[in-house]
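This report covers one protein chain, taking selected residues in turn and then the chain as a whole. The sequence and the structure come first.

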Amino acid sequence: SQEDLFIADSIANYYVINQNTGVLKWKKKHSSSFNSQIKIFENKALIIDMENQLNCFSIETGELIWNVKTQKSLLRSQKKQSLILKDGKVYFSNSIGDVTAVNIVNGNVIWQTPTQSNISFGSTYFLKLSDIISDSKSIYVSNNNKQFYSIDLLTGTINWKQDFSSELRPALIGNYLVTISDEGLLIVMNKGTGQILRINDLFKNIKEKRKKNYQPIGFLVGKFYIYVSTNNGRILVVNFKEGKVEKTLKLDSKKLQRPVYFNKSLYIAKDNSIIRLN
């Protein structure tokens, strides 16, 4: 029901509570800890575990409806895996760089596309993928290994690939793809061809010895501005048209999460609090 709230934790527990009363409806233990976003579809909860398995649980009873096993990695992923729901299918990434499409009803694999050709301990231990995003035809995902992919939704074929590193969730603006590289480069691409249309260095005015302290964590694209959060407590306010940092807000000295826009305000989470900007 709409009152049910599905929760999964890092020690393999998953449960449903009534979000109005807090009353526990049921609680179960999985065989492995969880390591992904959670998606809800028609009384089903979809979540990936540390074994690189996609699990589909009944929200009503907690029973496992189906699961999809993908190749395990030797060590735990350093980043939560991403999944999206679209047209009765779930698309998800795993810790070794595979992207898989699955039928939500029965768990049948439709296609699987590896993004790492040479699977080895060294190449995948430090691999971090961005969140997956999609439009009506393609999936877009990048990683910290100088790879940004467009993948066909229907077939899993790689449409194009660009060579830069980014762990950040990209954004779609009309026919354009926008992302920020790990080095602070604002990159605008044609989403159909992958052609890079513009690159702006957001860190160019920061003194060289201080640049090593700056790493982008996430960004939000507004009508005229892009808001970029950093690992050292800054919010960069970037003029989107010019690609120029107009203002730097120092909110903390530690990592800020990706900004979220809600009800005409900007919200940024940090370790022990949430900051609201009007």
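## Leu-153 and the loop between strands 14 and 15

Leu-153 sits in the loop that links strand 14 (147–152) to strand 15 (158–162). The model is a predicted one. Although it belongs to a loop, Leu-153 has a relative accessible area of 6% and is therefore buried, the limit being under 20%. Beyond the four nearest places in sequence on either side, Leu-153 touches Lys-86, Tyr-91, Trp-111, Asp-135, Ser-136, Lys-137, Ser-138 and Ile-139.

A long stretch of chain separates Leu-153 from Gln-257: the two are 104 residues apart, and their C-alpha atoms are separated by 29 Å.

## Ser-138 in strand 13

One of the residues that Leu-153 touches is Ser-138, which belongs to strand 13 (residues 138–143). Ser-138 is buried, at 8% relative accessibility. With neighbours up to four places away set aside, its contacts are Ile-133, Ser-150, Ile-151, Leu-153 and Asn-159. The contact with Asn-159 includes a polar one between the two side chains, at 3.1 Å.

Gln-81 lies 57 residues from Ser-138 in sequence, and the distance between their C-alpha atoms is 19 Å.

## Thr-113 in strand 11

Strand 11 (residues 109–114) contains Thr-113. What is the relative accessibility of Thr-113, and does that make the residue buried or exposed? The value is 8%, so Thr-113 counts as buried. Its side chain reaches the backbone oxygen of Gly-156 at 2.5 Å.

Gly-156 also appears among the residues that Thr-113 touches outside the four nearest places in sequence; the others are Gly-97, Asp-98, Val-99, Ile-151 and Ile-158. Ile-151 is in addition a contact of Ser-138.

## Asn-52 and Gln-53

Asn-52 lies in the loop between strand 5 (44–48) and strand 6 (53–58), and Gln-53 is in strand 6. Asn-52 is buried at 2% relative accessibility, and Gln-53 is buried at 9%. Most residues other than glycine have a negative phi. Asn-52 has a positive phi of about 65 degrees, although it is not a glycine.

The side chain of Gln-53 is joined to that of Asn-67 by a polar contact of 3.3 Å. Apart from residues up to four places away, Gln-53 touches Ile-47, Ile-48, Asn-67, Val-68 and Lys-69.

## Asp-87

Asp-87 also has a positive phi, near 50 degrees, and is likewise not a glycine. Its place is in the loop between strand 8 (83–86) and strand 9 (89–93). Is Asp-87 buried or exposed? At 67% relative accessibility, Asp-87 counts as exposed, because the value is over 50%. Asn-52, by contrast, is buried at 2%.

## Ile-7 in strand 1

Ile-7 is found in strand 1 (residues 4–8). Its relative accessible area of 24% makes Ile-7 partly exposed. Residues up to four places away left out, Ile-7 touches Asn-13, Tyr-14, Tyr-15 and Ile-17. Lys-27 is 20 residues from Ile-7 along the chain, and the C-alpha atoms of the pair are separated by 9.4 Å.

## The chain as a whole

The protein chain has two helices and 26 strands. How does its radius of gyration stand against that of a compact globule with 278 residues? Such a globule would have a radius near 19 Å, so the 20 Å of the protein chain agrees with it. Along the principal axes, the C-alpha atoms fill a box of roughly 55 × 45 × 35 Å.

Of the 278 residues, 47% are buried. Among contacts with a separation of 6 or more, 35% come from residues 24 or more positions apart. The exposed area of the protein chain is about 14,500 Å², and carbon and sulfur atoms supply 48% of that area. There are 38 positive and 23 negative side chains, and the centres of these two sets lie 7 Å apart.

Methods:
Residues numbered from 1 in each chain as written. Predicted model: local features only at pLDDT ≥ 70, side-chain atom pairs only at ≥ 80, totals over all residues. Heavy atoms only, no water. Helix = DSSP H or I, 4+ residues; strand = E, 2+ residues; numbered from the N terminus. Rg over C-alpha atoms; globule rule 2.2 N^0.38 Å. Buried < 20%, exposed > 50% of the residue type's maximum accessible area, 1.4 Å probe, protein only. Contact = heavy atoms within 4.5 Å. Areas by Shrake-Rupley, 256 points an atom, 1.4 Å probe, with all protein chains shown as cover. Lys, Arg positive; Asp, Glu negative; His and termini not counted. Charge placed at Lys NZ, Arg CZ, Asp CG, Glu CD. Polar contact = N/O pair within 3.5 Å; in protein donor to acceptor, adjacent residues only side chain to side chain.
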